[in-house]
Amino acid sequence: MCGIIGYAGFRDVVSTILQGLTNLEYRGYDSAGMAIQDNGKIKIYKTLGKLINLKNELEMKRNELKHPALGIGHIRWATHGSPSLVNAHPHTCTCGRLVVVHNGIIENYKELREELIKKGCKFRSQTDTETIAHLVADEFSKTKDLEAAVRNSVKKLQGAYAICVMHQDVPNIIVGARKHAPMLVGVGEGENFIASDTPAIIEYTKKAIYLDDNQIAVITKDNVKITDVKGNEIKKKVEVLPWEPMALSKMGYKHFMLKEIHEQPDVIRNSLNGKLFDIDAPVNLKEVKLDKSILKKLNKIEIIACGTSLHAAMVGKYIIENFAEISVDVEASSEYIYRKTTTNSSTLVVGVSQSGETADTITAIKQAKEKGAHVLIITNRPDSNMARLADSLIPVNAGIEVSVAATKSYTAQLISFYLLAVHLAEIKGCIESSYLKNIKHELIQIPTKIEEILSDTTAIQECAKKFSSYKNFIYIARGVNLPTALEGALKLKEISYINATGYAAGELKHGPIAMLDETMPVLSIMVPGGITYEKVLSNSEEAKARNAKLIALTSSSDKELNNLFDVILKVPHVNEILSPVLTCVPLQLLAYYIAEFLGKDVDQPRNLAKSVTVE
Ligand code: F6R
């Protein structure tokens, strides 16, 4: 999705903004642009495609810039109007003296556009953003006060926005404003920043002020002023950002995705840290703020999420029902918001999101809150909008995830669900403590078992090579690993663009089996000793009988499997109920190596965005 950085300070303005945009690049975009205040003039640079094009353009035109004083930069993920130069940000008013960059969607832009055209404004693009430029310029013409002009304009905007505005006639300031889209101010010494997300500024400062909805920030190189919708100054807390700049380095790996897959053992150790260390002690999940007496009586949980987080939620349903005997509904946030749910004040609603900014999930959470539900958020971004809506917050502590394809945040979300399920089971006392002790013991072993998988990936790489030319795949599993099949197939789709479908193995013969032949490999996830092993094995036989090539993902050492499967990928043995944390890892690697082998842009797959801030 789009990204913004504004900068005023002593550093080289152009390279600081370019670096900020580079650090936001992982979010996904199709064009980039920058506006610089230079010698009393605003100069605009825009290019299509990757940031390198903007860098080259600026290098070529560097001599045009005499004394760059401050500037704003943007990467655009097209919503209104195609990815084109004319639609790239920054946008300007008719005379070109005012510039704006914007994240979000202005819902009433058509009405505003018509009014502004009647006033004589000349529109050049198809974007909703250009309306903001004309609107603020119109207000500015009345007062000559840029801050007031932004304040008066945003009152007329409906929808979501994080904006940065500069005006040629007000040379030293950048004005920012937000509603339903994230924005923070980075505070430095002799420099200040304004950005849509932490990575844009983390290399320069760890001090930040998070803007709330309807707040306006004015930054100069020496000053930061935050005001409310009426113009009253607000004193806001300067927070210390929880990230290290190192998180944005590949640390010798070819791609962020591979680095993040390899970080999983430590991420899990981190997630367990302080919560589960002694199998004889109860799980320590003080993050759940509901009273024990309420938790004991809890009989309904709803989990809402999108994409990979939705798959983690599906595992969550399985294990909460299994351990804590509480009925759980799981639904895609984008569907939940259109349903007349039975959510009420005795429902626990769990929102799961890596970014904490997914628009559909935020809307769903707000709806649940309106109905009086207690909202528990599981997120990798405790500094996000979603986290701010939480009644209870479980931060998954996976560290910044740069690759668009989620990996380490997924395993960290799974661990949060195991901890939550065990916590609920312990409070309810509904399951034998010896069983829970075994589960806790095995959970503690998980990081070492993942290290075992990661220590030798040769078989996975060979499998990737062997199957990289196939155009369609089916991943099958039953029970707690059905979400693993869905997630494995999603990983393959999103980074290699190969059609892969996750299917409940038992459903194969109710339709999809018709597609099977030697051109469609079937990958079966089978955990020996588990309740689904034999059945998935039979379903694999059915696929074999239709000439499908078969890949097994299993911990079984049964030699007989060699007669059935073309390739066998191994994971260490684990209790079936815990196996999704292990089985997802070879599937992440398989997707990675296939995409890498095919030469795809692994970390920034086409059309995708890391944080989906539009519904
Ligand atoms: C897939 C992926 C997406 C996200 C989805 C939800 O690898 O990353 O499917 O899982 O867009 O995002 P969050 O978890 O940030 O709410």
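A polar contact is a pair of N or O atoms within 3.5 Å. By that cut-off, a polar backbone atom of Gln354 is in polar contact with the ligand, since it is 2.7 Å from a ligand oxygen atom. The model is predicted. The points below cover the ligand shell, the nonpolar cores and four buried residues: Val574, Glu442, Thr411 and Asp383.

**Ligand shell**

- The ligand is surrounded by 14 residues, and the closest are Ser309, Ser353, Ser355, Thr358 and Glu494.
- Thr358 places a polar side-chain atom 2.4 Å from an oxygen atom of the ligand.
- Val404 contributes a backbone N or O atom, which lies 3.2 Å from a ligand oxygen atom.
- On its own the ligand has 400 Å² of accessible area, of which the protein covers 90%.
- Two elements, α9 (307-324) and α16 (482-496), each give two or more residues to the shell around the ligand.
- The most is given by α9, with 3 residues.
- Sorted by class, the shell holds 7 polar, 5 nonpolar and 2 charged residues.

**Nonpolar cores**

- In soluble globular proteins, nonpolar side chains tend to be buried together.
- The largest nonpolar core here has 94 residues, and the members that touch the most others are Ile301, Ile320 and Phe473.
- Helix α13 (residues 408-428) gives the most to this core, with 13 residues.
- Beyond four places in sequence, Ile301 touches Ile320, Ile326, Ser327, Val328, Asp329, Leu348, Val350 and Leu424.
- A second core, separate from the largest one, has 35 residues, including Leu24, Tyr29, Tyr45 and Ala195.

**Val574 and Glu442**

- Val574 sits in the loop between β24 (567-570) and α19 (580-597).
- Val574 counts as buried because its relative accessibility is 3%, against a cut-off of under 20%.
- Outside its neighbours within four places in sequence, Val574 contacts Glu442, Ile446, Lys449, Val527, Ser579 and Leu582.
- Val574 and Ala368 are 206 residues apart in sequence, and their C-alpha atoms are 36 Å apart in space.
- Glu442, one of the residues that Val574 contacts, belongs to helix α14 (residues 433-455).
- The relative accessibility of Glu442 is 19%, so Glu442 also counts as buried, the limit being under 20%.
- Not counting residues up to four places away in sequence, Glu442 touches Lys449, Val574, Asn575 and Leu578.

**Thr411**

- Thr411 is part of helix α13, the helix that gives the most residues to the largest nonpolar core.
- Thr411 is buried because its relative accessibility is 0%.
- The backbone oxygen of Lys408 is reached by the side chain of Thr411 at 3.1 Å.
- With residues up to four places away in sequence left out, Thr411 touches Gln264, Ile268, Val581 and Cys584.

**Asp383**

- Asp383 lies in the loop between β18 (374-379) and α12 (385-389).
- Its relative accessible area is 10%, so Asp383 is buried.
- The side chains of Asp383 and Thr198 make a polar contact at 3.2 Å.
- Thr198 is also among the residues that Asp383 touches beyond four places in sequence, together with Tyr210, Trp243 and Arg388.
- Asp383 and Pro242 are 141 residues apart along the chain, with a C-alpha separation of 8.6 Å.

Note on methods. Residues are numbered from 1 along each chain as its sequence is written. This is a predicted model: local features need pLDDT of at least 70, side-chain atom pairs count only at pLDDT 80 or more; totals for chains, interfaces and linings use all residues. Side-chain values use heavy atoms; hydrogens and water are left out. A residue is near a molecule or strand if one of its heavy atoms lies within 4 Å of it. A polar contact is a pair of N or O atoms within 3.5 Å; within protein, one must be able to donate a hydrogen and the other to accept it, and residues adjacent in sequence count only if both atoms are side-chain atoms. Accessible areas come from the Shrake-Rupley method with a 1.4 Å probe; for residues, only the protein chains shown count as cover. Helices (H or I, at least four residues) and strands (E, at least two) are DSSP runs, numbered from the N terminus. Ala, Val, Leu, Ile, Met, Phe, Trp, Tyr, Cys and Pro count as nonpolar, Asp, Glu, Lys and Arg as charged, and the others, Gly among them, as polar. A nonpolar core is a set of buried Ala, Val, Leu, Ile, Met, Phe, Trp, Tyr and Cys residues joined through side-chain atoms within 4.5 Å. Buried means under 20% relative accessible area, exposed over 50%, partly exposed in between (1.4 Å probe, protein chains only). Contact means heavy atoms within 4.5 Å.
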